[in-house]
Amino acid sequence: HDALPISGYLPPPPQKNKTPFDLLTQAGIERLLLTTPASEPLWRVLLRHIAGLSPLAARELVYRATGDAHATPADPNALTPALFDALSWFRSLPQQGGWAPTVALDPDTGQPQAFAPYELSHLGHLQPYASVSQAAAVFYAAVLGADSYAARRRQVQALLDEARQRLRGRGARLGEPAVGASELATLRSPG
């Protein structure tokens, strides 16, 4: 493949109609709560209005604020200060270093459901890890299989073995004379 020309980094396009975390205010959260239908889950509201928020993080924030990951604005615990505090905690993680990498396990099967660099308290049955890389490795090993690349490695190994056989065959043929001794004598004889 041809190398791509070196170019500067272009950040992803801004998410239109979404508020960046840095610009969130308690008054903005209050407006969201007042203008959202009473039956709509708050995590969906946060997802729709806050830039860069994942569904997993949105559910965790709503759980930390209300005690229910699927709370609605009608929930008596859906209070602006609690929601703003949860969002402030999340926003401050990079500066405060409050990382707690975890894998959430299915309570029935024990299989990983999700992982995050913070405690997934809304899922329960958590397994802590020293790094988010370890948590991701455990999660993806379970989701993709313990050795998700084994089949591909076997395919590549088969291709390499086939190429080696072809090269050995060529090498063996190169060691043989191109023309046999009797044919060489015929070619050397005049006329």
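Two residues are in contact when heavy atoms of theirs lie within 4.5 Å. Keep that in mind for the whole chain: among contacts between residues at least 6 apart in sequence, 56% join residues at least 24 apart.

Before you click around, note that this is a predicted model, where local features need pLDDT of at least 70, side-chain atom pairs count only at pLDDT 80 or more, and totals for chains, interfaces and linings use all residues. Residues are numbered from 1 along each chain as its sequence is written, and side-chain values use heavy atoms, with hydrogens and water left out.

**Stop 1: the whole chain**

Show the cartoon. You'll find seven helices and three strands, in the order α-α-α-α-β-β-β-α-α-α. (Helices are DSSP runs of H or I with at least four residues, strands are runs of E with at least two, and both are numbered from the N terminus.) The radius of gyration is 31 Å, well over the 16 Å that the globule rule gives for 191 residues, so the chain is more spread out than a compact globule. (That radius is taken over C-alpha atoms, and the rule is 2.2 Å times the number of residues to the power 0.38.) Along the principal axes, the C-alpha atoms fill a box of roughly 110 × 45 × 35 Å.

Now colour by accessibility: 27% of the 191 residues count as buried. (Buried means under 20% relative accessible area, exposed over 50%, and partly exposed in between, with a 1.4 Å probe and protein chains only.)

**Stop 2: helix α1**

Select 26-35, which is α1. Gly-28, Ile-29, Leu-32 and Leu-33 are buried here. Looking down the axis of α1, you'll see these buried residues fall within an arc of 140 degrees, so they line one face of the helix. (The arc is that of the directions from the helix axis to the C-beta atoms.) They pack against α2 and α4 (80-96). Spin to the face turned away from that buried side and you meet the exposed Arg-31, Leu-34 and Thr-35.

**Stop 3: Glu-40**

Next, pick Glu-40, in the loop between α1 and α2 (42-49). Is Glu-40 buried or exposed? At 16% relative accessibility, Glu-40 counts as buried. Its side chain makes a polar contact of 2.5 Å with the side chain of Arg-48. (A polar contact is a pair of N or O atoms within 3.5 Å; within protein, one must be able to donate a hydrogen and the other to accept it, and residues adjacent in sequence count only if both atoms are side-chain atoms.) Leaving aside neighbours within four places in sequence, Glu-40 also touches residues including Ala-71, Thr-72 and Pro-73.

**Stop 4: the rings**

The whole structure holds six aromatic pairs. (Rings of Phe, Tyr and Trp, the last by its six-membered ring, pair if their centres lie within 6.5 Å; planes under 30 degrees apart are stacked, over 60 edge-to-face, and the rest tilted.) Select Phe-90 and Tyr-118: their centres are 5.4 Å apart and their planes at 80 degrees, so the pair is edge-to-face. Phe-90 sits in helix α4 and Tyr-118 in the loop between β2 (112-116) and β3 (126-128), 28 residues apart. Both Phe-90 and Tyr-118 are buried. Add Trp-89 and you have one aromatic cluster.

Finish with Arg-64, which lies over the face of Trp-89, 3.8 Å from the ring centre. Likewise, the charged end of Arg-59 sits over the ring of Trp-43, 4.7 Å from its centre. (A charge sits over a ring if NZ of Lys or CZ of Arg is within 6 Å of the ring centre and within 35 degrees of the ring normal.)
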